[in-house]
Amino acid sequence: MRLLLVEDDTLLGDGVRAGLRQAGYTVDWCKEGRAAQRALESESYALMVLDLGLPQLSGLDLLAWLRQKGESLPVLILTARDTVADRVKGLDSGADDYLIKPFDLEELTARIRALLRRHGGRAAPLISRDKLTLDPAAHVVTLDNQPVDLAPREFAILQALLENAGRVLSRERLEQILYGWGEEVESNAVEVHIHHLRRKLGATLIRTIRGVGYVIEKPENPS
Ligand code: CA
């Protein structure tokens with residue numbers, strides 16, 4: 001899952017990016033607001049972590065610009081300002097949640113998971129499909145109640161396909177989810193991950209739509 005981090009503090013940004021990558025996310029990092037605008041216009045993100053105190057375009061201005069476009073992208077703001085008024089202003093400007101610096105990386109990732117869950121319209125934290133269950137928080141997949149050992153990128157592909165059940169995701173879309181800026185996309189990587197997923201989870205779960213991409217069908221009797 002691809003996240004945009006907007007933070008001008010190099011040390012903090014570096015730490016947050018490393019922590020989010022550790023948690024299995026693909027992270028693009030912008031150090032100022034205008035670069036973030038360009039990124040938001042050209043890439044597709046699941047969530048933005050936004051520092052409010054930025055050079056040039058402020059975090060609040062960036063947020064206002066985003067919401068004016070009608071974008072519902074979940075936004076978690078980071079703020080050193082600990083007055084109630086600033087937090088209220090951020091939330092009123094369209095932020096979905098906030099953290100006050102300094103914060104714990106574990107709390108940040110927990111809040112991100114909660115936001116993504118709410119945004120995806122899932123009340124339950126688990127994604128289930130027949131005998132398969134994926135726990136985004138614990139990064140655990142079980143099949144018939146038995147844990148399945150997945151590499152981080154296999155997990156990311158499976159999660160994306162389950163969350164978009166019924167929709168075909170192209171190889172390019174999956175590469176976008178798997179790789180951040182500056183990371184070299186290995187050729188055939190997606191095909192290889194799909195191959196491994198089928199070996200571990202059965203051949204029928206993920207369908208190939210030739211020339212288009214991959215899909216996990218919606219359950220026939222959604223309950
Ligand atoms: Ca700052």
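Visitor: Is Asn145 buried or exposed?

Guide: Good place to start, and keep in mind that this is a predicted model. Asn145 sits in the loop between β8 (140-143) and β9 (146-148). A residue counts as exposed when its relative accessible area is over 50%. Asn145 has a relative accessible area of 70%, so Asn145 is exposed.

Visitor: What is the phi of Asn145?

Guide: Let's look at the backbone here. Asn145 is not a glycine, yet its phi is positive. The value is about 70 degrees.

Visitor: Which loop holds Gln56, and is Gln56 buried or exposed?

Guide: Gln56 also has a positive phi, of about 60 degrees, without being a glycine. Its loop runs between β3 (47-51) and α3 (59-68). With a relative accessible area of 61%, Gln56 is exposed.

Visitor: Which residues coordinate the calcium ion?

Guide: Follow the donor atoms to find them. The distances are 2.2 to 2.3 Å, and the donor residues are spaced D-x42-D-x1-G in sequence. Two donors are OD atoms and one is an O atom, from Asp8 (OD), Asp51 (OD) and Gly53 (O).

Visitor: Is Asp51 buried or exposed?

Guide: Compare it with another donor residue, Gly53, which is partly exposed at a relative accessible area of 37%. Buried means under 20%. Asp51 has 3% relative accessibility, so Asp51 is buried.

Visitor: Which helix supplies the largest share of the largest nonpolar core?

Guide: This core has 27 residues, and among those touching the most other members are Val141, Ile157 and Leu158. At least two residues each come from β7 (132-135), α6 (152-163), α7 (171-178) and α8 (189-201). Seven residues, the largest share, come from α6.

Visitor: How many residues are in the second, separate core?

Guide: Among its members are Cys30, Ala36, Ala39 and Leu66. This second core is separate, and its residues number 21.

Visitor: Where is the cis peptide bond that leads to Pro102?

Guide: Pro102 lies in the loop between β5 (97-100) and α5 (105-119). The omega of this bond is near -5 degrees. The cis bond runs from Lys101 to Pro102.

Visitor: Where in the protein chain is confidence highest?

Guide: The chain averages a pLDDT of 89, and 96% of the residues score at least 70. Confidence is lowest in helix α4 (residues 84-92), at a mean of 84. It is highest, at 97, in strand β11 (residues 213-215).

Terms used
Residues are numbered from 1 along each chain as its sequence is written. This is a predicted model: local features need pLDDT of at least 70, side-chain atom pairs count only at pLDDT 80 or more; totals for chains, interfaces and linings use all residues. Side-chain values use heavy atoms; hydrogens and water are left out. pLDDT is the predictor's confidence in each residue, from 0 to 100. Helices (H or I, at least four residues) and strands (E, at least two) are DSSP runs, numbered from the N terminus. Donors are N, O and S atoms within 2.8 Å of the metal (3.2 Å for Na, K and Ca); water is not among the atoms, so sites may look incomplete. Buried means under 20% relative accessible area, exposed over 50%, partly exposed in between (1.4 Å probe, protein chains only). A nonpolar core is a set of buried Ala, Val, Leu, Ile, Met, Phe, Trp, Tyr and Cys residues joined through side-chain atoms within 4.5 Å.
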